[in-house]
Amino acid sequence: MKGLLNIVNRLKPSFSKGGKFGWLHSTFDAFETFLFVPGTVTAKGAHVRDCVDLKRVMSVMVLALMPALAFGIWNVGDQHSIAFGLEMTFWQKVWFGFLKVLPLIIVSYVVGLGIEFISAQIRGHEVNEGYLVTGMIIPLVMPVDVPLWILAIAVAFAVIIGKEIFGGTGMNIWNPALLARAFVFFAYPSKISGDTIWIEGLSGADKSLLADGFSGATPLAQLANGAGAQDLITTTGDHLSFMQMFIGNIPGAIGETSTIAILIGAVILIWTGVASWKIMLSCVLGALAIGLIVPDNVPVWYHLVMGGFAFGAIFMATDPVTSAQTECGKWIYGFLIGAMTIVIRVFNPGYPEGMMLAILLMNTFAPLIDYFVINSNIKKRAKRVAA
């Protein structure tokens, strides 16, 4: 690393303002600060001193996503082998899934970071670090068979409309990854509605060659069509039982199927203090509270392992930019997300997921929640002073 640092230091004057390549200052700075901690420190004054900067926080987020990504890669190969009756070894499934998932990740980062770099160069600002996480989340919330050109358009929409027009990382009011998913859902509903077979392999009429008795529809799609708990268990020979949904070897978006892998990421985020456990827990409590009240075809705990509930509660509802900032507000914000998810799933069968819309809705109201929490605290303190 010392040799690499020496190379960076030799190149730095050329890319500094006034240098030969000064117009690429933002780009060079992005790579330098990604590789090494900035050498600038505060010498005096009231400043919070910490070795963890925004890039390191984002790196922890990416690390927490790795279990879901790894399982998703294997699951793509596993679902392919089940759908077409193939005998594949563990590593054959991993290799097949890797070859299908890698292009999605490449497109996400190339398009997203390309827009980020261009925007930074035009403004003369530093490159925002937020897309390190967003670029990984977007492929994970997509079905593996989404066309790459649709993914590229969705990424461009999320970065430009969802971030850059608001000023970049830290200024956006909606989660960019969810905006990308919402764009695909509303613009190309056949690709992500939850009703289609999210299995990579044959396409079009050739999908009729799927093995008899195999249902490639996601559990939420079956639930929206009137399936109950027993139906989910027996539809495909116990393929969609509660335990199978908890483990995650079922059809679905790449990173959303395995609750176990997602919980490993949650432990990393909570242990490092990067994400709020209050939002995670309150999402679950909100879902359970409403699920015990409203009539449904399945027990409420099934909803916790179906669709994108776990992934959304851990990785997207806890987004520090778009979520509530006050401690009390986090409980309210998370509870309402969980509650709204169940309401949408139960009363709107046309959209079986629910988590995406619930988080986007509460992203919109998060500042209002904080406003009322802060004003409530101000009034309480004023009453104590008056007393």
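The following dialogue goes through salt bridges, burial and nonpolar groupings in a predicted model.

Student: What makes the pair Glu116 and Lys163 a salt bridge?
Tutor: The side chains of Glu116 and Lys163 meet at 2.6 Å, N to O, and because a salt bridge requires such a nitrogen within 4 Å of a carboxyl oxygen, the pair qualifies as one. By this rule the count comes to five salt bridges.

Student: Why are Glu116 and Lys163 said to tie parts of the chain together?
Tutor: Glu116 belongs to helix 4 (residues 90-123), whereas Lys163 sits in the loop between helix 6 (148-162) and helix 7 (176-187), so the pair ties together parts that are 47 residues apart in sequence.

Student: Why is Glu116 called buried, although its side chain carries a carboxyl group?
Tutor: The term depends on accessible area, and buried means under 20%; Glu116 has a relative accessibility of 2%, so it counts as buried. Lys163 is likewise buried, with a relative accessible area of 2%.

Student: How do you know whether Glu327 and Lys278, which form another salt bridge, are buried or partly exposed?
Tutor: The side chains of Glu327 and Lys278 meet at 2.5 Å, N to O, with Glu327 in helix 15 and Lys278 in helix 12, so that the bridge ties together parts 49 residues apart in sequence. Lys278, at 18% relative accessibility, counts as buried, while Glu327, with a relative accessible area of 40%, is partly exposed, because partly exposed covers the values between under 20% and over 50%. Salt bridges that share partners also join Lys278, Glu327 and Lys330 into one network.

Student: What makes Leu285 eligible for the nonpolar surface patch?
Tutor: Leu285, whose place is in helix 12, has 39% relative accessibility and counts as partly exposed, and since patches are made of residues with over 30% relative accessible area, the value of 39% for Leu285 meets that cut-off. The patch, of about 660 Å², also includes Ile270, Trp277 and Trp331, and helix 15 gives the most to it, with four residues.

Student: Which residues have the most contacts inside the largest nonpolar core, and what does Ile337 touch?
Tutor: The largest nonpolar core has 80 residues, and those with the most contacts inside it are Leu269, Phe311, Phe315, Tyr333 and Ile337. Leaving aside neighbours within four places in sequence, Ile337 is in contact with Cys283, Ala317, Met355, Ala358, Ile359 and Met362. A second, separate core of six residues includes Met245, Ile250, Val305 and Met306.

Notes: Residues numbered from 1 in each chain as written. Predicted model: local features only at pLDDT ≥ 70, side-chain atom pairs only at ≥ 80, totals over all residues. Heavy atoms only, no water. Patch = residues over 30% accessible without salt bridge, like charges linked within 9 Å, V, L, I, M, F, W, Y side chains within 5 Å. Areas by Shrake-Rupley, 256 points an atom, 1.4 Å probe, with all protein chains shown as cover. Helix = DSSP H or I, 4+ residues; strand = E, 2+ residues; numbered from the N terminus. Buried < 20%, exposed > 50% of the residue type's maximum accessible area, 1.4 Å probe, protein only. Core = buried A, V, L, I, M, F, W, Y, C linked by side-chain atoms within 4.5 Å. Contact = heavy atoms within 4.5 Å.
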